[in-house]
Structures are given as structure tokens and as C-alpha cells.
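Thank you for making time this morning. I would like to take you slowly through one protein, beginning with a single residue and working outwards, so please keep the display in view.

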Amino acid sequence: MDIFKPILLKFWSITEKMDEKRIASQTPIGGITQITDIAYQSDASREHLLDIYYPEGTVKKLPVIVDIHGGGWLYGYKEINKYYCLKLAEKGFLVASINYRLARDFQFIDQIADAFSAFSWLSENLGNYPADTDNIFLVGDSAGGQIVSISAAICGCEKMQNDFGVTPSLRFKAVGAICPAVDLVSPNFMMNVNLKSLLGEKPKENPLYKYMDYENVAYLGLPPFYIVTANGDFLQKQARKLKKVLDRHNVENVFYYYDDMVDGKKLPHVFSVVNPYSEPAAREIQTMTDFFKSKIKTAAEVK
């Protein structure tokens, strides 16, 4: 029995109230087309909905960002990242923000299955929107940062595809890992306590256990990574580990550490997501989207 799950759920219940208060205090930017609650599966479940955002009046095809929210695998929904996604769209991207089943009742393999189901829907339907399907980027924060990092590895590894039971349908030009979690295996109570929710009562016997440490994913074919953390990020060491792992395996990446103080306080975990209107967040969003744009190849360049 997972004795810690009720404690985790209580924590995330408190976080939800804080998120509701935060979102109510923020004003969304204008000038962005918003198409919300699109079903990427036919089961009428909230967990299988996605939103699409892009600048109003768009006449040309835009590079695409697929965003996956965080929330400790047990909490969250696409709306907590809405204002962040609006800011990404403002930078000239079409943004798809997805929901997925939570580890309250499901496991990590189900969350990956949902991500790849959303990818499949997007591969079949992005043509109905002003989307440049040759230039797609993947972004996730916190637990979402782990989901996108694992998803990127799966896309380039047939063994991981078999282990997770998924088939890639999108090619990602780069990954944005925002204050990511990438190691749930090394001694760290804050991370280890999630394993039973994600893998079942005997996590070490689950064949996916090895992938809970990013050391053990497949590195061939990984796209470039953009990694960001901050002085008040409680997962700062996780972000630094991802950087070291990618460096060790010669995977292109850039790493940004933000040491700003705002109103006398350090920048919190996923600072650019929770307060995309702050000056440090504006810099971070600009830096990431500039990095993505540097990876874009035009049709002429491809030829």
C-alpha cells in the first residue's frame, strides 16, 4: 500500500487552490486565437483534451510547440499553463497544450500513452491549422519536463517504443525542459516517494523502472535540449543532472540558470510558467523561443 499517496494528494490539493488564486489574479494577453477543449481521444474524458493557440490574423504556417504541464504526475491540467502558452504563441508559434491522465488512478505508462495519442492526433490534424509540421518543438515543466524528456528518447529508440507500447508520429526539432524532474531513482525522498504512484506497488519490478533515471534512456537520435532552472527551484539539481547526462552522451543542449530576485525573493520552481508576465520570465521565454527558431529550417534550406 502506498502510504504516502494521501499526503501527496493533500499537498497537490493545496497547490490547486494556490494555482486558482494565481490564475484569477493574472490577465491573459489579447491578440491570440484560442481553440479550447479539443478531444484527441473519443472517450469524452477531460484528461484527453487539448487546446490550440496562435496569433490572430496568422496567414503563414507557424512553427509548433507542444506543451505538457507539470504537477508531480498526480495533479494538473492544461489550464494552469494557459497564460504561459499564450506568451509562447505571442512569440510566433502555434501552441498545443495537452491534458493527460494523472497518477491518482493511472500510471506513468498511461501518461506516456496519452502524450503519444495527442501527438498522433496532432500529426493527423495540424494541417487544419496554420502549422508548420516540419518544425515542431516539445516543452514540459517539472513532471511534464520528465514526460517530454522521456518522450523525446522514445521517438528515437525502438526498444523504448516497445517497452512503452507506443509509436512515434511526430518529429521534434528540440525539447524545452523547464525545471525538469529526471531522476526518481537516486536516493532522494522527494523524488522516490512518487515511484509507487507511477509504477505500482513494486516499482523496481516494473520494466519501466530503469527509465525513471534519465541515465538509462537511449541517446542516439535525441534532439537538442533547452534546459532552464533558477535559484529558488527545488529541482535545480535535477536540471543540472540532465545537463551532465546530455553532455556525457554528446547530445546538443543549452543550460540556463536564473539568479534573479523579484520583490526580495528567489525565483520559484517553474517561474516562467507560474508568472509568465515577470521580467525574468519574459527573458526566459524569449531565450527559449529564440533557441527554437535557430533550429528551424525553411523549405529552401531543406532542398
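Tyr214, if we set aside its neighbours within four places in sequence, is in contact (heavy atoms within 4.5 Å) with Ser149, Ile150, Ala153, Val182, Tyr219, Leu222, Phe225, Leu242, Val245 and Leu246. I should say at once that this is a predicted model, in which local features need pLDDT of at least 70 and side-chain atom pairs count only at pLDDT 80 or more, while totals for chains, interfaces and linings use all residues. Residues are numbered from 1 along each chain as its sequence is written, and side-chain values use heavy atoms, with hydrogens and water left out.

Tyr214 also belongs to the largest nonpolar core, which has 75 residues, and it is listed with Phe108, Ile150, Met160, Phe164 and Phe225 as touching the most other members. A nonpolar core here is a set of buried Ala, Val, Leu, Ile, Met, Phe, Trp, Tyr and Cys residues joined through side-chain atoms within 4.5 Å, where buried means under 20% relative accessible area with a 1.4 Å probe, counting protein chains only. A second, separate core has 30 residues, including Ala174, Val228, Leu267 and Phe292.

Turning to the whole protein, 56% of its 303 residues count as buried, and residues 24 or more positions apart account for 77% of the contacts with a separation of 6 or more. Along its principal axes, the C-alpha trace spans about 55 × 45 × 45 Å. The radius of gyration, taken over C-alpha atoms, is 18 Å, which agrees with the value near 19 Å for a compact globule of 303 residues, the rule being 2.2 Å times the number of residues to the power 0.38.

Notes
Buried means under 20% relative accessible area, exposed over 50%, partly exposed in between (1.4 Å probe, protein chains only).
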